[in-house]
Structure formats: C-alpha cells, structure tokens
Amino acid sequence: MKTIDRSFINGEFKPTRGTGQFDLYDPSTAEIIGRTVLGDERDMLDAIESAREAFKTFSRTSVAERGEMLLRLHEALRKREDALVETAILEYGSPVTATVGRTRAAANAFLEARETLLDYPFEMAAGKKLVVMEPVGVVGAITPFNADYGHICGKLAPAIAAGCTVVVKPSENNGLETELLCRCIQEADIPPGVVNVVEGRGEALGPVLCGHPDVALINFTGSTRVGKEIAALGAGTMKRFCLELGGKSPNIILDDADIDKAAALALVIGFSNSGQACHAGTRLLVPKKRLKEVEASLKRAVAKLKIGHLLDADSFIGPLVSRKQFETVQAYIRSGLDEGAQLLAGGPGHPEGLGGYYARPTIFTKVSPSMRIAREEIFGPVIAVMTYEDEEQAVEMANDTVYGLAAFIISADQDRAMRIGRRIHAGMVVVNDTIGAVVAGPPAPLGGMKESGLGRAGGRWGLEAYLEPKVIA
Ligand code: NAD
C-alpha cells in the first residue's frame, strides 16, 4: 500500500505539512490500496509563492522555448503510458480501452497546445496602436475525479503555452494517478515553480487558492455547485474564471432514425465513462409513436454491454469511483422508483457477480420532465427515457434545463438534425456520433452554456482563457 505524503512544489517532491489523511480504494473491490496525506494552508501558500516567483521569468520565455517544453511533456507522458494506464485502471476503475484513449489524449493535449502556440499572433496592430496578448499570471487549476490526467494536462498545456505558472489542486480520489503524473512533469525538465501540485480537500484548500491576491485565474472543472462557490470565493480579488461544470445532456432520437443503431449509440452516449461523464446524454428524448420499438432495442442493446473485466479490450462499464458516488447513484435510482418511473433495465444494487462500487447500468422509462432523475446530474450509469409529440416539443424539452453543456441528435437526415442542433442551447451539439466528434480533428471550442460553465477550452479559445489583451498607444 502506497502513501502519498509529498507535494510537488518548485520542481521537487516536498514532505506535505498537513497531517489529515484520505484513503484510496480499488473501486472494483472496495479494498484499500493507498493513502494520501492531505496538504493544508501552509502547503498551498508555499505552492502559490513558488508559482508567483516562477512567473517573473517564465512569463518572458519565448514561444520556441515553451514549444519545446510542451513537446517534452508530451514525450514524458508517452514514455510512462503503461504505468499511467495501469494506475488509472486500479485507482479509478475505468476499462482498459477507454483508459488508454484518455491517457493518450492527455499526452496529446501538450502537442495540440504547441500547435496553437506556434501559430498564435501574440501581437497585432490596431491602426497605430499595438495590441499585446499577455499571460494572465498565476493560475489555480482545480480538477475533478473523472479523468485525472486529462483534466490536469488539459489545463497545464494551454497555461504553459501562454506563459502562465500553475498551482493544481486535484481531486482527493486520484492520489496515485496524480503522483505518477507529477513524476512525468518532473522528468520533462520544466523550470521549477511552473507547475505545482498540492493534494488536499477542496473545502480546505479552495478558499486559500481562490481568495489569494497573487492568483489571477481559477480554471475549475467540477460540479456546478462547487463552481458557484469558487466564483464567490474569487470575487473579492476579481479573479478571471474558466469554469467547466456539470451537465444533463439531452439526446434526441428523431422519428426517421434507424432505431437499433440509435439505441446502441444512445447507450454509448449515456453510459460513457461508466456514466461519470459531464457530457453524458442521459435525457433520452424519443418520438412517442416509436417508443415501443426504442424500448425493445434499448433492452437488447443493454444486455450486450460488457460490465467489469477491466482488462478486456471490449469491456465498456467499470465501477463508480467511490463509495460516496455509488451511494449517490443508488439514491437517484430509488428516487426514480419513488417518483413513479419504470425500470427498463438495471435498478438498485450491484450487477450480478460484481461488488465494489459497481452500479447496474439503469434505464428508466415513463419518466416525466419534473422528476429528479430527469433534471439533476446523477453522474452514474442512469438514462431517463422521455417522449415527445413533435419536433417543436423535442427542442423545447431539450432546452428545458439549467444546464447547457452538450446535446446529441440521432437522425437519418443530417440536414434536419443540423437545423435542430442550431436551436439547442448547448456549447457542444453532436449529430449521429459520440462526444469524441467534437475533439477529433482541428481544435474547436469546448465548454458549456448556462449553468454548465464559463469560458472555453480547446485551440485558440482555450489559449486565450490564459491571456489578457493590452493596448499600447
Ligand atoms: P466536485 O465539484 O465535487 O469537485 C471538483 C474539485 O473541486 C475537486 O478537486 C474538489 O476537491 C474541489 N472542491 C470541492 N469543494 C471545493 C471548494 N469549496 N473550493 C474549491 N475546490 C473545491 O466534482 P467531482 O465530483 O470531482 O466531479 C464531478 C463533477 O465534475 C460533475 O458535476 C461533472 O459534470 C463535472 N465535470 C465537468 C466537466 C466539464 O468539462 N464541464 C468535465 C468533467 C467533470
């Protein structure tokens, strides 16, 4: 059993000064596998000071120098890919194929940021005036549990490209993953203080980081509830914010769709990352006249999903990350039953033959839009099927949410789906595909509308979140 008792500050692993502890579990068995010593205010202040000091010189490095650093970070992650994958399977419990994909995407975030950087005009003329894009300053990066490497690297890459220094406060659930990632960062030979990482509880370290006058920007990914707290904590020092928050994405199956294909795709969209995906399309909107066919297809498709056996290449669903997450999901399943929804698949408890924090992939039908399972983010493998009469009602129901992260449309008529897509209030709309479509190919802006967030990641949109324009006249 490993104990993580060091913080990564100023390029070194230093003994954590805090004394609290957080146990780490293998979510597929609920057995304890490690322990993290939690940092306290002193560790966080050391990290901020190190980032503040490093910013003085790092902010003046050249594009070429930062491009080289990004390349080295990419290579350092690729070199340790096997260990990173193994650790994420053990600690987070995601099946191997998805874990390899996410780990590689984390490494590639540095390459993508490098490409954007090499192309980006940091200075431009406005008549006789000069506009300069400057790094915003020290960045506080706070990340969730559901893709540790991806979230941390997705924030570090554009920050380093911009010339910012960073203090990361990762999720408490990912101690082993984060420690290994820090080793990669150390091997990439980045100047000391550019990246600092402190483990600890959000409630304890959040106020220190988000209220500190030397931190310019908070880049947070996590729940909308915590996002709102962070915005309030940062208001006193007028922080810049980039907030990637929760979602409850609609997935509209149009009446012209091939129902078997639509049902299979709907499960991939809804149960992505074992349901622990911010973009998961968990509100499945179905034309009333085709409900019976959709229900039958969903039942057939869910029976084919491979659950558990995390090292099998075709395994799709793993356990939830923690007991807390498992219990939250169970409470939502019970609330669906209490409010009168009907189970089409799954239900309370564990899948047959599995323990740990595995939940049963669950599909509710006869869901009404006012039920909690239709309105609140569950963050587990639970899909709510609702019906609509016509296209107008489908759009209205899709937009009837405080969230606006993603939306999915499945149809045989691409133009029709695109037309409907323009009417959906969401930052990312995907037609006949999974969320992978928005990250494939040239960079696009990634993020949410309404209570799903503020600002965008990806390409120049992501880089500009870390820059401030200045005019010299
Ligand atoms: P969470 O909001 O509970 O925690 C996220 C991070 O915030 C953790 O590091 C936590 O320690 C920290 N935190 C908690 N309280 C804090 C406080 N008062 N001040 C500062 N930091 C604090 O989220 P989670 O359970 O780890 O992750 C799931 C959530 O993340 C879901 O809501 C999901 O939708 C969201 N998410 C969003 C995206 C996106 O891109 N929009 C991506 C992944 C996950």
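This text walks through a predicted model of one protein chain, taking up its annotated region, its salt bridges, its cavities and a few single residues.

A useful place to begin is the record. An unreviewed UniProt entry gives the annotation "domain: Aldehyde dehydrogenase" to residues 20–472. Over residues 20–472 the chain is 42% helix and 21% strand, while the C-alpha atoms at the two ends of this stretch lie 49 Å apart. The unreviewed UniProt entry also places the feature "active site" at Glu244, and in the model Glu244 belongs to strand S12, which runs over residues 240–244. Is Glu244 buried, exposed or partly exposed? Its relative accessibility is 22%, and because buried means under 20% and exposed means over 50%, Glu244 counts as partly exposed. If its neighbours within four places in sequence are set aside, Glu244 is in contact with Lys155, Asn219, Phe220, Thr221, Gly222, Ser452 and Ala457.

From this residue we can turn to the charged pairs. The structure holds 32 salt bridges, and three of them show how such pairs can link separate parts of a chain. In one of these, the side chains of Arg52 and Asp214 meet at 3.7 Å, taken from N to O. Arg52 sits in helix H1 (residues 41–58), whereas Asp214 sits in the loop between helix H7 (202–210) and strand S11 (215–221), so that this pair links distant parts of the chain, 162 residues apart. Arg52, at 30% relative accessibility, is partly exposed, and Asp214 is likewise partly exposed, with a relative accessible area of 33%.

Another salt bridge joins the side chains of Arg416 and Asp256, with 2.9 Å from N to O. Because Arg416 lies in helix H14 (residues 414–421) and Asp256 in the loop between strand S13 (250–253) and helix H9 (259–270), the pair ties together parts that are 160 residues apart in sequence. Here the two partners fall into separate classes of accessibility: Arg416 counts as buried at 14%, whereas Asp256 is partly exposed, with a relative accessible area of 27%. Both residues also take part in a network of salt bridges that links Asp255, Asp256, Lys289, Glu391, Arg416 and Arg419.

The third pair is formed by Arg423 and Glu392, whose side chains meet in a salt bridge of 3.0 Å from N to O. Arg423 is placed in the loop between H14 and strand S20 (428–431), and Glu392 in helix H13 (residues 391–399), so this pair ties together parts that are 31 residues apart in sequence. Arg423 is partly exposed at 36% relative accessibility, and Glu392 is partly exposed at 44%.

The next topic is the space enclosed within the model. How many cavities of 30 Å³ or more are there? The count comes to four. The largest cavity has a volume of about 100 Å³, and among the residues that line it are Ala88, Tyr92, Arg102, Asp148 and Glu177. Helix H3 (81–92), helix H4 (96–119) and helix H5 (148–162) are the elements that give two or more residues to this lining. Sorted by class, the lining of the largest cavity has four nonpolar, four polar and three charged residues.

The second largest cavity holds about 70 Å³ of space. Its lining is made up of 13 residues, and Ala277, Ala280, Thr282, Glu377 and Phe379 are the ones that lie nearest its centre. By class, this lining has six nonpolar, five polar and two charged residues. Phe379 appears again in the surroundings of Gln325, a residue of helix H11 (residues 323–338): leaving aside neighbours within four places in sequence, Gln325 is in contact with Phe145, Gln276, Leu320, Ile378 and Phe379. Gln325 is buried, with a relative accessible area of 12%.

Finally, two residues deserve a look for their backbone angles. Asn273 has a phi near 55 degrees, a positive value in a residue other than glycine, and it is found in the loop between H9 and strand S14 (283–287). His309 also has a positive phi, near 45 degrees, and is again a residue other than glycine; its place is in the loop between helix H10 (291–303) and H11. Which of the two classes, buried or exposed, fits each residue? Asn273 counts as buried at 13% relative accessibility, whereas His309, at 53%, counts as exposed.

Methods: Residues numbered from 1 in each chain as written. Predicted model: local features only at pLDDT ≥ 70, side-chain atom pairs only at ≥ 80, totals over all residues. Heavy atoms only, no water. 1 Å grid on protein atoms, 1.4 Å probe; cavity = no way out; pocket = protein on both sides within 12 Å on 5 of 7 lines; lining within 4 Å. Points joined across faces, edges and corners; volume = space filled by probe spheres on them. Helix = DSSP H or I, 4+ residues; strand = E, 2+ residues; numbered from the N terminus. Nonpolar A, V, L, I, M, F, W, Y, C, P; charged D, E, K, R; others polar. Salt bridge = Lys/Arg side-chain N within 4 Å of Asp/Glu carboxyl O. Buried < 20%, exposed > 50% of the residue type's maximum accessible area, 1.4 Å probe, protein only. UniProt positions renumbered as here; feature names shortened; annotations may be inferred. Contact = heavy atoms within 4.5 Å.
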